[in-house]
Amino acid sequence: MPERLAHRFSVEVLPSVAALADASAERFVVAAANAIETHGRFVVALSGGSTPRATYERLARDPLSSRVDWPRVHFLWGDERCVAPSHPDS
């Protein structure tokens, strides 16, 4: 396998939903910075639903928000559901 495709994965158990949101938001910021430095942009597929909401809220506020070069971030929709923005499940 080419080196650039070799990844190491691990499972981390965190003590709370808040800790998970903090950790995932920090990883998003680091991944964005690395991708932008390497490729000039960061392409990310966002999940919908309530699970990632706390992470997204952290990313939308400082201090994390100011650490992301948002004009270089490209968002893709990655949810398996397709409902209108006005739908209760949106």
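This passage describes the fold, the nonpolar core, the aromatic residues and selected single residues of a predicted model.

The protein chain has 90 residues, of which 21% count as buried. Two helices and two strands were assigned in the chain, and from the N terminus on these elements follow the order α-β-α-β. The mean pLDDT of the protein chain is 89, and 89% of its residues reach 70 or more. Helix 1 has the highest confidence, at a mean of 97, while the lowest falls in strand 2, at 92. Where pLDDT is low, the predicted coordinates should not be read in detail. Of the contacts between residues at least 6 apart in sequence, 71% join residues at least 24 apart.

The two strands run parallel, and five bridges join strand 1 to strand 2. Two of the facing positions can be named. Val44 has Phe75 in strand 2 as its bridge partner, and Leu46 stands opposite Trp77 of strand 2. Together with helix 2, the two strands make a β-α-β unit, and this unit is right-handed. Helix 2 spans residues 53-59 and strand 2 spans residues 73-77, with Pro63 in the loop between them. The peptide bond that joins Asp62 to Pro63 is cis, with omega at about 15°. Most peptide bonds are trans.

The largest nonpolar core has twelve residues. Helix 1 gives the largest share of this core, six residues, and the elements that give two or more residues are helix 1 and strand 1. Members of the core include Ala25, Phe28, Val29 and Ala32, as well as Phe42 and Val44. Leu59, Leu64, Val68 and Val73 are also among the core residues. One of the core members, Ala32, touches Phe42 and Val68 when residues up to four places away in sequence are not counted. In soluble globular proteins, nonpolar side chains tend to be buried together.

Three aromatic pairs are found in the structure. One of them is formed by Phe28 and Phe42, with the ring centres 5.2 Å apart and 80° between the planes. This arrangement is edge-to-face, because the angle between the planes is over 60 degrees. Phe28 lies in helix 1 (residues 17-39) and Phe42 in strand 1 (residues 42-46), so the pair ties together parts that are 14 residues apart in sequence. Both Phe28 and Phe42 are buried, and both belong to the nonpolar core described above. They also form one aromatic cluster with Trp70 and Phe75. Phe75 is thus a member of the aromatic cluster and the bridge partner of Val44.

Three further residues were examined singly, two in helix 2 and one in strand 2. Thr55 lies in helix 2. Its relative accessibility is 12%, so Thr55 counts as buried, the limit being under 20%. With neighbours within four places in sequence left aside, Thr55 is in contact with Ala21, Ser24 and Ala25. Of these contacts, Ala25 is also listed in the nonpolar core. Ala54, also in helix 2, has a relative accessible area of 21% and is therefore partly exposed. The C-alpha atoms of Ala54 and Asp22 are separated by 8.4 Å, although these residues are 32 residues apart along the chain.

Trp77 belongs to strand 2. With a relative accessible area of 61%, Trp77 is exposed. Apart from residues up to four places away in sequence, Trp77 touches Leu46 and Gly48. Leu46 is also the residue that stands opposite Trp77. Between the C-alpha atoms of Trp77 and Ser47 the separation is 6.8 Å, and these two residues are 30 residues apart in sequence.

How values were computed. Residues are numbered from 1 along each chain as its sequence is written. Side-chain values use heavy atoms; hydrogens and water are left out. Rings of Phe, Tyr and Trp (its six-membered ring) pair if their centres lie within 6.5 Å; planes under 30 degrees apart count as stacked, over 60 as edge-to-face and the rest as tilted. Helices (H or I, at least four residues) and strands (E, at least two) are DSSP runs, numbered from the N terminus. Buried means under 20% relative accessible area, exposed over 50%, partly exposed in between (1.4 Å probe, protein chains only). Two strands pair if DSSP finds at least two bridges between them. A crossover is right-handed if, with the strands pointing away from the viewer, the path from the first strand over the helix to the second runs clockwise. A nonpolar core is a set of buried Ala, Val, Leu, Ile, Met, Phe, Trp, Tyr and Cys residues joined through side-chain atoms within 4.5 Å. Contact means heavy atoms within 4.5 Å. pLDDT is the predictor's confidence in each residue, from 0 to 100.
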